[in-house]
Amino acid sequence: MTNPTRICIIGGGIIGASIAFHLSEAGCSNITIVERTNIACGASGRAGGFLAKNWRTGAEGKFSESSFLAHNELAERLKNEFSTDVLYRRLTTYNLSVDEITDKTKKSNDSTSLPKWITANVHQQEILGNEDTTAQVHPGLLTNALVKIVENRGGRVVIGKANGFLFETITTHTEKDEHHQTSPIRAVKLLIEDQDPIEADIFILTMGPWTYQAAPWFRDAMVFKENISHQLDAISGVKAHSIVFKGNQPTEPYAFFLAYQSNDGKVLDPEIYPRSNGDIYVCGFAEQQSQNLVDSGNSVPIDEKSCDHLRQIAVQISSTLKDANVEIKQACYLPQSNDGNPLIGRLYGLNNVYIATGHSCWGILNSLATGAQLTQLILKGEMSPFLKQCDPARFFRRTTTQK
Ligand SMILES: Cc1cc2nc3c(=O)[nH]c(=O)nc-3n(C[C@H](O)[C@H](O)[C@H](O)COP(=O)(O)OP(=O)(O)OC[C@H]3O[C@@H](n4cnc5c(N)ncnc54)[C@H](O)[C@@H]3O)c2cc1C
């Protein structure tokens, strides 16, 4: 049966796309995704797409494992039911210790377990995962595929910049609600720059690293006695570069995490992922963390030197890349919370505004569990142990004494 609840999701990255998809699976068809630039313009279109089953522990470990298994199932469904290939496959994953070359006479790697095209002098190697525990997916293809399904089921994408809410106070609500206290305030409309506002019953903020930009939407609303906006201020962006070598590169199912000792004494940790379509994706190191991000995911400034450095490292790992074309040089921001855990749940103090962000370097992996579990919370009020850890209320601060 279709659920008539009007849902408005702000942000068209993998988290917004997955939530939209899971809500549509549960029968919601009246879904609007508001995206400022284009679907997957941020980290969700520029990530590696590496997935690990058991690299986390405790409640988070269970959450990640369920998401890892869901990726496998979903990729098969996308292929069989929707004729969509998101380049999902299982991998063997290595950690390789390599020094920046100073001694040209060093012989190349002669380990038989590594593929032949790894030509660097690897002085230590460790298997981090096998085809039961590690995998990859193309994050941009996945995000777009999920949004397309939601659109085909009656949802829509609005390209526009969300910039506030209209709120109303609920005077009849007196009961204690399930996971917080009384929530007398609800959002009724999302304001969008130069466009008509969107009315909805449920709003979900999935603006990734830009979530802090929504803090003033709540701070400025005179109805609030409490500082709801601290929950959003807890998010910022960490910049990272990546490059993609295109076409006819080695495609074997491996992923490489490097411990790269550079000549200046620093140990860098780039990652190299061949994809089944002949691309080789290489991403770099976390750079500065900031709440001063450029507005569009397509305009994040690219530092040529950082990209050249990634290329140089990749060529050292595999000399077959020496003449290969770097077709994509890009930078994006990963969403980071102040305590390292995502924020997933209802915003403290509001009746119908939810948030899902702060997934840091595991947003692609954890997107499916996030979508599934937030759907459970919204439609059934159920919270898993990890969702309790992710409650945004942990960043809530009272600023006035209640009467
Ligand atoms: C280099 C790199 C490699 C990574 N590799 C991996 C990996 O291998 N595996 C993994 O699991 N994770 C990886 N990650 C992490 C992952 O990419 C992120 O956690 C994930 O993409 C975050 O998704 P998101 O939807 O929260 O944010 P985003 O992808 O940033 O999406 C947020 C969206 O909100 C939109 N938006 C913002 N403000 C507004 C507004 N006011 N109005 C309308 N729309 C708005 C933006 O335009 C954007 O499209 C990597 C990250 C980086 C940077």
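This report walks through the domains, the core, two helix pairings and a few loop residues of a predicted model.

## Two domains

Let's start with the big picture. The domain assignment splits the protein chain into domain 1 (7–80 + 139–234 + 339–395) and domain 2 (92–130 + 236–337). Look at the numbers and you'll see that each domain is put together from separate stretches of the chain. Taken over C-alpha atoms, the centres of domain 1 and domain 2 are 31 Å apart.

How many residues of domain 1 are in contact with domain 2? There are 26, and they meet 22 residues of domain 2. On the domain 1 side of this meeting place, α2 (43–46) and β3 (50–52) each chip in at least two residues. That side is a mixed bag: 11 nonpolar, 12 polar and three charged residues.

## The core

Now for the inside. In soluble globular proteins, nonpolar side chains tend to be buried together. Here, the largest nonpolar core has 110 residues. Those with the most contacts inside this core are I7, I9, I10, A20, F203, I204 and Y354. Why does the core lie between the two domains? Because domain 1 and domain 2 both give residues to it.

F203 is a handy one to click on. Leaving out residues up to four places away in sequence, F203 touches C8, I10, A187, L190, N352 and V353.

## Helix α1 and its two partners

Two packed helices are described by the angle between their axes and the distance between the axes. Take helix α1 (residues 14–25) with helix α4 (residues 139–152): they pack at about 35°, and their axes are 9 Å apart. The crossing is left-handed. From α1, the residues I14, A17, S18, A20, F21 and S24 take part, and they meet P139, L142, T143, L146, V147, I149 and V150 of α4. Sorted by class, this contact has 10 nonpolar residues, three polar and no charged ones.

Helix α1 also packs against α8, again at an angle of about 35°, with the axes 8 Å apart. Which hand does this crossing have, left or right? α1 passes α8 in a right-handed crossing. On the α1 side you'll find I14, I15, S18, I19, F21, H22 and L23. On the α8 side are G363, I364, S367, L368, T370, G371, A372, L374 and T375. The α1–α8 contact has nine nonpolar and seven polar residues, with no charged ones.

## Two serines with positive phi

S83 isn't a glycine, yet its phi is positive, at about 50°. You can find S83 in the loop between α3 (58–82) and β4 (89–90). Is S83 buried or exposed? It has 7 other C-beta atoms within 10 Å, so S83 is exposed.

S360 has a positive phi too, near 50°, and is likewise not a glycine. This serine is in the loop between β21 (353–357) and α8 (363–380). S360 counts as partly exposed, because it has 18 C-beta neighbours inside 10 Å.

## A loop isoleucine

Last stop: I302, in the loop between β18 (289–290) and α7 (304–317). I302 has 13 other C-beta atoms within 10 Å, so it is partly exposed. Not counting residues up to four places away in sequence, I302 touches H241, C307, K329, Q330 and A331. As for A75, I302 is 227 residues from it in sequence and 32 Å from it in space, C-alpha to C-alpha.

How values were computed
Residues are numbered from 1 along each chain as its sequence is written. This is a predicted model: local features need pLDDT of at least 70, side-chain atom pairs count only at pLDDT 80 or more; totals for chains, interfaces and linings use all residues. A nonpolar core is a set of buried Ala, Val, Leu, Ile, Met, Phe, Trp, Tyr and Cys residues joined through C-beta atoms within 7 Å. A residue is buried if 20 or more other C-beta atoms lie within 10 Å of its own, exposed if 12 or fewer, and partly exposed in between; C-beta atoms are placed from the backbone. Domain bounds come from an automatic or database domain assignment. Two residues are in contact if their C-beta atoms, placed from the backbone, lie within 7 Å. Axes are lines fitted to C-alpha atoms, for helices over the stretch in contact, and angles run from 0 to 180 degrees between N-to-C directions. Helices (H or I, at least four residues) and strands (E, at least two) are DSSP runs, numbered from the N terminus. A crossing is left-handed if the near helix is turned anticlockwise from the far one by less than a right angle, and right-handed if clockwise. Ala, Val, Leu, Ile, Met, Phe, Trp, Tyr, Cys and Pro count as nonpolar, Asp, Glu, Lys and Arg as charged, and the others, Gly among them, as polar.
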